[in-house]
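Work through the exercises below with the model open beside you. Try each task before reading its solution.

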Amino acid sequence: MKILVPVKRVVDYNVKIRVKADGSGVETANVKMSMNPFDEIAVEEAVRLKEAGKATEVIVVTVGPTAAQETLRTGLAMGADRGILVQTDAETQPLAVAKVLKALVDKEGPTLVILGKQAIDDDCNQTGQMLAALLGWPQGTFASKVAPGEGSVTVTREIDGGLETVQLTLPAVVTADLRLNEPRYASLPNIMKAKKKPIETLAPDALGVDVAPRLTTLKVAEPAKRKAGVKVADVAALVDKLKNEARAI
Ligand code: AMP
């Protein structure tokens, strides 16, 4: 079976986010960009399924600017076989990405699509669900275990206060949660090998998809600054403040 893994180029999770002076968005100029962490988990899972002989090919795909090729190369260095860049300089929103992915599924015919549960830049948590709806495929979201069987896949889902196990008829959409696996670091030889793996570039138009944004960001603001703390003289003073000022006890 072929596995398609959509990967998004986002601001690296170690970077301290700065809001643009005009409040129109987040500063991305001269900022380190990386693969969305949940997408690394999705790639790792797909590569492990291939290594276990349960998948035949792993294709990484990204919708974004030319620079997003780097993100595809990271996936290829982790073990994916080939990449597809759907090139656009427009802001990529979940519905547009889901439509592009649907067109690629129609073209490539994968049996499983494994996405990240959420992109850490927009925190939307929508693309996998929208893709499953557009395809009419079953979905197993927030996966912490994925076990493909004959014609189906069993997915353990992280839900509030516990785990839920569902069986999906293949083809299906799965979204990866944090505990699914620990992604590998690409070794230097694999980074070198990845440079030779093929990346196909397509325009959204060629897939018949209009990726123009449908949502407008009105304002982005930093969280309110926390007030400075105070040092109290002793436990009695602390208890008094908790009781009478904070009213926490
Ligand atoms: P979101 O719905 O934006 O939180 O994203 C959920 C998942 O959809 C991500 O973890 C990726 O697997 C996938 N995704 C979102 N945007 C893109 C994109 N521009 N290119 C490729 N995959 C994407």
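Five exercises follow, each with a worked solution.

**Exercise 1. The whole chain**

Describe the overall make-up of the chain.

*Solution.* Start with the source: this is a predicted model. Next, take the secondary structure: the chain holds 6 helices and 11 strands. Then take the extent: the C-alpha trace spans about 70 × 40 × 40 Å along its principal axes. Now turn to burial: 42% of the 249 residues count as buried. The accessible surface is about 13,900 Å², and carbon and sulfur atoms supply 53% of that. Finish with contacts. Take those with a separation of 6 or more: 70% of them join residues 24 or more positions apart.

**Exercise 2. Helix H3**

Check the length of helix H3 against its expected span, then find what its buried residues pack against.

*Solution.* H3 covers residues 94-108, which is 15 residues. At 1.5 Å a residue, the helix should span 21 Å. Its end C-alpha atoms lie 20 Å apart, so the two values agree. Next, list the buried positions: among them are Pro94, Val97, Leu101, Leu104 and Glu108. The buried residues of H3 pack against strands E1, E4, E5, E6 and E11, and against helix H4. Last, look just past the helix: Gly109 follows H3, with a positive phi near 65°.

**Exercise 3. Arg157**

Is Arg157 buried or exposed? Which side chain does the side chain of Arg157 join in a polar contact?

*Solution.* Locate Arg157 in strand E8, residues 152-159. Its relative accessibility is 16%. Buried means under 20%, so Arg157 counts as buried. Its side chain makes a polar contact of 2.9 Å with the side chain of Thr141. Leaving out residues up to four places away in sequence, Arg157 also touches others, including Gly140, Phe142 and Glu164.

**Exercise 4. Lys32**

Place Lys32 and classify its exposure.

*Solution.* Lys32 sits in the loop between strand E2 and strand E3. Its relative accessible area is 53%. Exposed means over 50%, so Lys32 is exposed. Lys32 still has contacts beyond four places in sequence: Val10, Val11, Asp12 and Val15. Now compare two distances. Lys32 and Asn14 are 18 residues apart in sequence, and their C-alpha atoms are 8.8 Å apart in space.

**Exercise 5. A surface patch**

Which residues form a nonpolar patch on the surface with Ile191?

*Solution.* Find Ile191 in helix H5, residues 188-194. Its relative accessible area is 35%, so Ile191 is partly exposed. The patch joins Ile191 with Leu188 and Met192. Together the three have about 290 Å² of accessible area.

Terms used
Residues are numbered from 1 along each chain as its sequence is written. This is a predicted model: local features need pLDDT of at least 70, side-chain atom pairs count only at pLDDT 80 or more; totals for chains, interfaces and linings use all residues. Side-chain values use heavy atoms; hydrogens and water are left out. Helices (H or I, at least four residues) and strands (E, at least two) are DSSP runs, numbered from the N terminus. The expected span of a helix is 1.5 Å times one less than its number of residues. Buried means under 20% relative accessible area, exposed over 50%, partly exposed in between (1.4 Å probe, protein chains only). Contact means heavy atoms within 4.5 Å. A polar contact is a pair of N or O atoms within 3.5 Å; within protein, one must be able to donate a hydrogen and the other to accept it, and residues adjacent in sequence count only if both atoms are side-chain atoms. Patches are made of residues with over 30% relative accessible area and no salt bridge: like charges are joined within 9 Å, nonpolar side chains (Val, Leu, Ile, Met, Phe, Trp, Tyr) within 5 Å. Accessible areas come from the Shrake-Rupley method with a 1.4 Å probe; for residues, only the protein chains shown count as cover. A salt bridge is a side-chain nitrogen of Lys or Arg within 4 Å of a carboxyl oxygen of Asp or Glu.
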